[in-house]
Amino acid sequence: ETGMIVLGIETSCDETAAAVVLRAPEGQGRILSSVVLSQDAHAIYGGVVPELAARAHVDRLDDVIATALDEAGLDLAGVDAIAATAGPGLIGGVLVGLTTAKALAMATGKPLVAVNHLEAHALTARLTDGIAFPYLLLLVSGGHTQIVRVDGVGRYRRLGTTIDDALGEAFDKTAKLLDLGYPGGPAVEAAAAKGDPGRIPLPRPMIGRPTPDFSFSGLKTAIRQEAERRAPLSPADVADLCAAFQSSICAVIADRVRLALGLFRDSAPGIDPVLVVAGGVAANRAIAARLAETTAKAGARLVVPPPVLCTDNGAMVAWAGAERLALGLSDDLDVAARARWPL
Ligand code: KG4
Ligand code: ZN
């Protein structure tokens, strides 16, 4: 097959992942294999424990890479380049993946691409839906909440961000407070589906602010106060609190995205706006449904990659690597891992 075949490695949080992606000369992408091992050792701590995560990556990454190559029907010789997340993330885990990628690149003489994890989330919609630049990106994950104008590979303009907690973090903290376990997003979504969003009113922070920023810590405090006031909580209380939380989040996101779409239109006149949603929280169906409504009303197109490509995975890293390689970009073997690395 013609095109470029890239092995991608992701170890920046609690997923040990590797994938093989093909990028055709005309720019279409195809996933040849994708293996994601989610670490379950963190559940009892109610959050990711960095040292445990790094050790688990060490234990499992070699197998995960071998399986990804095997499922793609390739060995390392059939791969054109090796890409790995080089940050931002938990530095121990990032080092495991990046160092492994360096070793593979050195052993094979193939190019290494050090990928920004946020860029990998940002470019996923080009792999799944082949969309063109520029587009508006809502990145909502456990560590990040941003609205970004994506003008090209490596060309990002941040329009808004959170001034405190990330959205996924707000879901996780809500779940912890209500004893729903970790990761919290799916648990809160499931509980919310059984609840009444109108019984316990919660604040809707930042609605109406002139820049598309977010804030979730006040919402977290409000939930804690409501939970303490009603303790011990009945299953109905938990469901209603989750429903109210999710409905408040949906209202806030709709308002912030409406504003950002307006800013996008002003800055790129004549271009039909496309909103891409990325990051783990994009797997939330209530949020996706509200975004569909908001974008339809604004005359914009909405692109939400499938949930397995919204949460952390190796395919997005391989794809970001392929996009960079197609522009002639690769990295030296002494490239550093970075705990912090803004887009
Ligand atoms: O992108 P991701 O896999 O890892 C990071 O880079 O952070 O995102 C993980 C985050 C977690 O906070 C998780 O609770 C959240 O995404 N999440 C969800 C859902 N599925 C995952 N949040 C809300 N609803 C969901 N269905
Ligand atoms: Zn992520």
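This is a short tour of the predicted model above, one selection at a time.

Before you start, note that residues are numbered from 1 along each chain as its sequence is written, with chains lettered from A and ligands numbered from 1 in the order in which they are written. Because the model is predicted, local features need pLDDT of at least 70 and side-chain atom pairs count only at pLDDT 80 or more, while totals for chains, interfaces and linings use all residues.

**Stop 1: the two domains**

Colour residues 4-124 together with 311-326 as domain 1, and residues 134-308 as domain 2. These bounds come from an automatic or database domain assignment. Taken over C-alpha atoms, the two centres are 27 Å apart. Where they touch, domain 1 contributes 14 residues and domain 2 contributes 20 residues; contact here means C-beta atoms, placed from the backbone, within 7 Å of each other.

Now show the domain 1 side of that contact. Two elements, α3 (117-129) and α10 (314-326), each give two or more residues to it. Helices (H or I, at least four residues) and strands (E, at least two) are DSSP runs, numbered from the N terminus. The largest share, five residues, belongs to α3. By type, this side of domain 1 has five nonpolar, seven polar and two charged residues. In this scheme Ala, Val, Leu, Ile, Met, Phe, Trp, Tyr, Cys and Pro are nonpolar, Asp, Glu, Lys and Arg are charged, and the others, Gly among them, are polar.

**Stop 2: ligand 1**

Select ligand 1 and display its shell. It has 19 residues around it, and the closest are G142, G168, G185, G280 and N284. A residue counts as near if its C-beta atom, placed from the backbone, lies within 6 Å of the molecule. Which elements should you highlight in the shell around ligand 1? Try α4 (167-177) and α5 (184-193), since each supplies at least two of its residues. The largest share, four residues, comes from α5. The shell divides into six nonpolar, 10 polar and three charged residues. With your domain colours still on, you can see that domain 1 and domain 2 both give residues to this shell, so ligand 1 lies between them.

**Stop 3: the annotated binding site**

Next, pick H117, H121 and D312, which an unreviewed UniProt entry lists under "binding site". UniProt positions are in the numbering used here, feature names are shortened, and annotations may be inferred rather than shown by experiment. The three are spread over 196 residues of sequence, yet they cluster in space, with a largest C-alpha distance of 8.9 Å.

H117 sits in helix α3, and so does H121. Is H117 buried or exposed? It is buried, because 27 other C-beta atoms lie within 10 Å. For H121, 31 C-beta neighbours inside 10 Å also make it buried. The cut-offs are 20 or more other C-beta atoms within 10 Å for buried, 12 or fewer for exposed, and in between for partly exposed, with C-beta atoms placed from the backbone.

Show their partners, leaving aside neighbours within four places in sequence. H117 is in contact with S12, T85, G87, P88 and G89. H121, in turn, contacts L139, S141, A278, G279 and M316.

**Stop 4: helix α2**

Move to α2, the 18 residues from 91 to 108. At 1.5 Å a residue this helix should span 26 Å, and its end C-alpha atoms are 25 Å apart, which agrees. That expected span is 1.5 Å times one less than the number of residues. Its buried residues are G93, V94, L95, V96, G97, L98, T100, A101, K102 and A105. To see what covers them, turn on β1 (4-10), α1 (50-71), β4 (81-87) and β5 (112-116), which are among the covering elements. Just after α2 comes G109, with a positive phi near 75°.

**Stop 5: G195 and D255**

Find G195 in the loop between α5 and α6 (217-230). G195 is buried, with 23 other C-beta atoms within 10 Å. Apart from neighbours within four places in sequence, G195 is in contact with A239, D240, C242 and A243.

Finish with D255, in helix α7 (residues 235-267). D255 is partly exposed, with 17 other C-beta atoms within 10 Å. Draw a C-alpha to C-alpha distance from D255 to G208: they are 47 residues apart in sequence and 7.2 Å apart in space.

Methods. Contact = placed C-beta atoms within 7 Å.
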